[in-house]
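Trainee: I'm new to this one, so could you take me for a close look at the place where the ligand sits? I'd like to know what surrounds it and what the neighbouring space is like.

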Amino acid sequence: SAASQDQKFCLQEVLDTFKLCLSEKKEVYLQHYVDGWRGLVKLLNSLGNVFGFISKDAVSKIQILVNHLSGENGSQYVTVQSMVKYEMDNGLVDLTKRGSHPESGCRTLLRLHRALRWLDLFLERLRTSTEDDKTSVMCAEAYNQSLARHHPWVVRTAAGVAFCVLPGRPAFFEVMNVGPPENVVAILGEALPLISEVYQVTEELYAQNNLLDIP
Ligand code: 1PZ
């Protein structure tokens, strides 16, 4: 049905949203960024209930950003650049310790931004993997190189358990929903530079504004 199709993950769709993310001036459109994450959450949900705790956190962060976008100051949130400027100029970010702005756009997006680095590393491993490679190992390696350092022990442990029950490489490729493995590899080859660029642009913006450690 149309409704179930709507819920179904398709790698091409995620690629398309990340294509729209960057403006000519290399600004990141928050709406497309959020849409990209919505697509990724669909993938996560199609992998099973064990990933529910991860999906729930991603959804709540997406929702916070959507609320900013559709709020009375929504026009300040069109790009990540304008969001940073607006929130910084108006003292809306808790920079050194948690305080009165636990749901700032800057803080919330930073969590997704760090996860985007994990995604980039994981998908690159997946793209260059061979039939005998294990998704659980690729996923754990990517995690240990990126997100893990930002997570407390409890979260790292729960994540480690979830990785162990990831579907194998063939099933994972199937879930991508774009045909045979060659197609998955080709689309990943196209998508990854886009995801990396969005990551790099955001990383530089956050570094310039000393926002990489928002608690
Ligand atoms: C394909 C397998 C999916 C593996 C996903 C790998 C990422 C593991 C992340 C584990 C997150 C656990 C839940 C909550 C964590 C939160 O504490 C942190 C920090 O937020 P805060 O507590 O400071 O408000 N949240 C995050 O780090 C954001 C995590 C988003 C993960 C999205 C993954 C999307 C996966 C896409 C599927 C291909």
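Mentor: First, a word on the helix labels: helices are DSSP runs of H or I at least four residues long, and they're numbered from the N terminus. Keep in mind, too, that this is a predicted model.

Let's start right at the ligand. There are 19 residues around it, and Asp57, Lys61, Arg107, Arg111 and His151 come nearest. Three of those reach it with polar side-chain atoms. For Arg107, such an atom lies 2.7 Å from an oxygen atom of the ligand. Asp57 has one 2.8 Å from a ligand nitrogen, while Arg111 places one 3.1 Å from an oxygen of the ligand. Taken alone, the ligand would expose 830 Å², and the protein buries 89% of that.

Now step back to the shell as a whole. By class, the residues around the ligand are 14 nonpolar, one polar and four charged. Four helices each give at least two residues to that shell: α3 (30-45), α4 (52-70), α6 (105-127) and α8 (153-164). If you want one helix to follow with your eye, pick α6, whose five residues are the largest share of the shell.

What kind of space is the ligand in? It occupies the largest pocket, which has a volume of about 840 Å³. Lining that pocket are 37 residues, and Leu44, Ile54, Ala115, Trp118 and Leu147 are the closest to its centre. The lining has 29 nonpolar, two polar and six charged residues. Here α6 again gives the largest share, this time nine residues. The helices that supply at least two residues each to this lining are α2 (11-20), α3, α4, α6, α7 (135-144), α8 and α10 (181-208).

There's one more space to look at while you're here. The second largest pocket holds about 280 Å³. Of its 14 lining residues, Gln7, Arg38, Gly39, Val41 and Lys42 are closest to the centre. Two or more lining residues come from each of α1 (2-7), α2, α3 and α4. In this pocket the largest share belongs to α3, with six residues. As for its chemistry, the lining divides into four nonpolar, five polar and five charged residues.

So, for a quick tour on screen, find Asp57, Arg107 and Arg111, whose polar side-chain atoms lie 2.8 Å, 2.7 Å and 3.1 Å from ligand atoms. Then trace α6 through the lining of the largest pocket, and finish on α3 at the second largest one.

Definitions and conventions. Residues are numbered from 1 along each chain as its sequence is written. This is a predicted model: local features need pLDDT of at least 70, side-chain atom pairs count only at pLDDT 80 or more; totals for chains, interfaces and linings use all residues. Side-chain values use heavy atoms; hydrogens and water are left out. A residue is near a molecule or strand if one of its heavy atoms lies within 4 Å of it. A polar contact is a pair of N or O atoms within 3.5 Å; within protein, one must be able to donate a hydrogen and the other to accept it, and residues adjacent in sequence count only if both atoms are side-chain atoms. Accessible areas come from the Shrake-Rupley method with a 1.4 Å probe; for residues, only the protein chains shown count as cover. On a 1 Å grid over the protein atoms alone, a cavity is a set of points where a 1.4 Å probe fits but cannot get out, and a pocket is an open set with protein on both sides within 12 Å along at least five of seven lines; lining residues have an atom within 4 Å of a point. A molecule sits in a cavity or pocket if more than half of its atoms lie within 2 Å of its grid points. Ala, Val, Leu, Ile, Met, Phe, Trp, Tyr, Cys and Pro count as nonpolar, Asp, Glu, Lys and Arg as charged, and the others, Gly among them, as polar. Grid points are joined across faces, edges and corners, and a volume is the space filled by probe spheres set on the points.
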